[in-house]
Every structure is written in C-alpha cells, then in structure tokens.
Amino acid sequence: MKSVQQEVDERSNLAGTNKFELLLFRLGGDHNGERSELFGINVFKIREIVAMPEITAIAGSMPHVLGVVNLRGAIIQVLDLPAIAGCVPKTGLNIMLVTEFARTTQAFAVESVEEIVRLDWSRVLSAEQSAGNGGLVTSIARLDDDGGRLAQVLDLETILRNMTPTDRPDVNPGTIGPAIKLKPGAVVLAADDSVVARALIEQGLDAVGVPFIMTKTGKEAWDQLHAIANQAEAEGKTVYDKVALVLTDLEMPEMDGFTLTRSIKKSARFNNLPVVIHSSLSGTTNEEHVRNVGADAYVAKFSSGELAKAIRAVASNEP
C-alpha cells in the first residue's frame, strides 16, 4: 500500500506532464428526479473531504449560501453546489468539499463523491460553446477511451464570484500603478479558460495600457504563438518584436499552463520569451513546479496590482 507521502509526491509530479487528477462527484438529478451527471474539480483545489457537519445559517445570506461551519477552529462558508448547478439531490447534501484556491478557503456541499481519476488534459475539451451552462462549466472531460463517459469540470472561480459579490473594484488604481510601456508593436499573449478570469485579466491589462491577445486554452496560445512568429518572419522580424510576454493560467483544456511554459522554454524559437503564470492554484508545491518549468514569475489570482507588478518586472522597457 502506498504511503500518504507517496500519493502526494505522485500527484505533485503530474505537473508538467499535461496530466492532472479530477475528483468526481454527483450533485443529484434534474427537477424531475431524472439523471445524475458527473461533475469534477481538480484535486489540487481540494483541501479535504468530510461528512457534512452541522451548519449554522447566517441571517441575510446570499441565495445558495447554506451558512458556515466550524472546522477545527476555522469558520468556513458552505455553498449549496447542487442548487447553484440546478440539480436536486436524491439523498441529501451528504458530503462537504473544502477547497482552497484564488487566495480563499470555502466549502461546497455535494450529494456524493465517486472517485479520483487521472487524465491527460488533451482529453478535456472546452465547454464554452455549450449552450446554457451560464459559465459554470469550463470544460468537459472524457473519462474513457471511447468518450462515452463524461464529466463536467466546474469553474469554481466563477461560482465563488457569483455567490460572494463584493463592492470593491476589480482593478484598484491605487495599487496597479502607472501605464506599462512595452516594446512598440508588441503585445501580451494571454491564456485562460475561465470567462471570469479572462474578464478580470482584460480589465487589468487595459488599466495599464497593455495591448493583448486573449486565448482560451494552452493549445490555442501555443498555436497562436507559432502563427505570430510566422507572420513576424514574413515581415523580416522575430517573434520578440511581436510578443512581449506570455501570461498563462495553469488549468486549461487540451494543454495546461505547465506544458505551455515548458514548451516555450525548450523551444529554440521562443525560449527567450518571458512567461508569467497566473493561477488560482497556490501553495509552495505549485510555486516549485512553476520554477521547474522555467516560468519567469508566478502570480496567484486575482490581484491586479500584483499582476501589473509582475508584467512590469519581466516585460516592460522600464527600469
């Protein structure tokens, strides 16, 4: 039997292999009591899985906020994930998933937990074109070779933002600093699969006057980079005249940010391009992987000031 540390090491070593582990769970059926689809969350976002404890309801809470729990001295908000996704649990809210991402800790109530599966990101396809998902589902994971068994990968950042709105501005002029001067004609090539994250990134880049090209997956960014390089060469220039840096998320369909970064840094054509990783996955383990794949900077989502500082440090013509 593997030790807990061996399991942790194996999971950590997936970074940079374009593989990840997905926790599969169920939220219940539709309002007619039919079907019970599989949903998934990246295991790196799960702090722990516990049987549903007693929840204290908070007066005036937002819809779908069940309340808070006291978990070993920490007060954690619990969100009703089936209600958010439009599902009706058949057996109740039995399990609580405690998550850590985007600088926050919160819990999601679910009906049941199925298993953890190890997948290649190439078996995960963007769900953005799927009608009616409301931005809650970033991608669809094909769990078996014939593609018959599917799981919906949830966009926890969007869900959390919708459930816990804030009056604070997304971009704080007091922390973002002055405009950033890139090389004339150069842009930031950005990649993120989350609708909310892309909107926040675009606001931040606009606020500091940085032109950009936005893509939705690591593979799309990689293909776009080659297209830009080809165009530059046709004009008698290099890719460095056209792209100031690559800004990438980590979790993305088809090709993750670790693989995109490693591909850039190992390519004779692109290896001098700065890469900034911008991810909701935080912690020392992920930061170590960021260094190992050769990224020039790491910024945890979402702080417009820290993102601007990283871009200013690695790609601007300023001292």
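Two residues are in contact when heavy atoms lie within 4.5 Å. The model is predicted, so that local features require pLDDT of at least 70 and side-chain atom pairs pLDDT 80 or more, while totals for chains, interfaces and linings use all residues. Residues are numbered from 1 along each chain as its sequence is written, and side-chain values use heavy atoms, with hydrogens and water left out.

**Exercise 1. Determine the surroundings of Arg198.**

Solution. Step one places the residue: Arg198 lies in helix H5 (residues 195–207), where helices (H or I, at least four residues) and strands (E, at least two) are DSSP runs numbered from the N terminus. Step two concerns accessibility: Arg198 has a relative accessibility of 8% and counts as buried. Buried means under 20% relative accessible area, exposed over 50%, and partly exposed in between, with a 1.4 Å probe and protein chains only. Step three lists the contacts: with residues up to four places away in sequence set aside, Arg198 touches Glu128, Asp192, Asp193, Met214, Thr215 and Lys216.

**Exercise 2. Examine the salt bridges of Glu21, Asp223 and Asp296.**

Solution. A salt bridge is a side-chain nitrogen of Lys or Arg within 4 Å of a carboxyl oxygen of Asp or Glu. The whole structure holds 16 salt bridges.

Step one: Glu21 pairs with Arg118, and their closest N and O atoms are 2.7 Å apart. This pair links distant parts of the chain, with Glu21 in strand S1 (residues 19–26) and Arg118 in strand S8 (residues 112–120), 97 residues apart. Glu21 is buried at 8% relative accessibility, whereas Arg118 is partly exposed at 40%.

Step two: Asp223 pairs with Lys219, the closest N and O atoms being 3.0 Å apart. Both belong to helix H6 (residues 218–234) and, because they are four residues apart there, about one helical turn separates them. Asp223 is partly exposed at 39%, and Lys219 is partly exposed at 36%.

Step three: Asp296 pairs with Lys265 at 2.8 Å between the closest N and O atoms. Here too distant parts of the chain are linked: Asp296 is in the loop between helix H9 (284–292) and strand S16 (297–300), and Lys265 is in helix H8 (residues 257–266), 31 residues away. Asp296 is partly exposed, at 41% relative accessibility.

**Exercise 3. Describe the setting of strand S14.**

Solution. Step one: six of the six residues of S14 (residues 243–248) are buried, so the strand is largely enclosed by the rest of the structure. Step two: S14 pairs in the parallel sense with strand S12 (residues 187–191) over five bridges, pairing being defined by at least two DSSP bridges between two strands. Thr248 of S14 is the bridge partner of Ala191. Step three: three bridges join S14 to strand S15 (residues 275–279), again in parallel, and Thr248 has Ile277 as its bridge partner in S15.

**Exercise 4. Identify the residues with the most contacts inside the largest nonpolar core.**

Solution. A nonpolar core is a set of buried Ala, Val, Leu, Ile, Met, Phe, Trp, Tyr and Cys residues joined through side-chain atoms within 4.5 Å. Step one: the largest core has 26 residues, and those with the most contacts inside it are Phe25, Leu81, Leu97, Leu154 and Ile159. Step two: elements giving two or more residues include S1, strand S2 (38–42) and helix H3 (156–163). The largest share, four residues, comes from H3.
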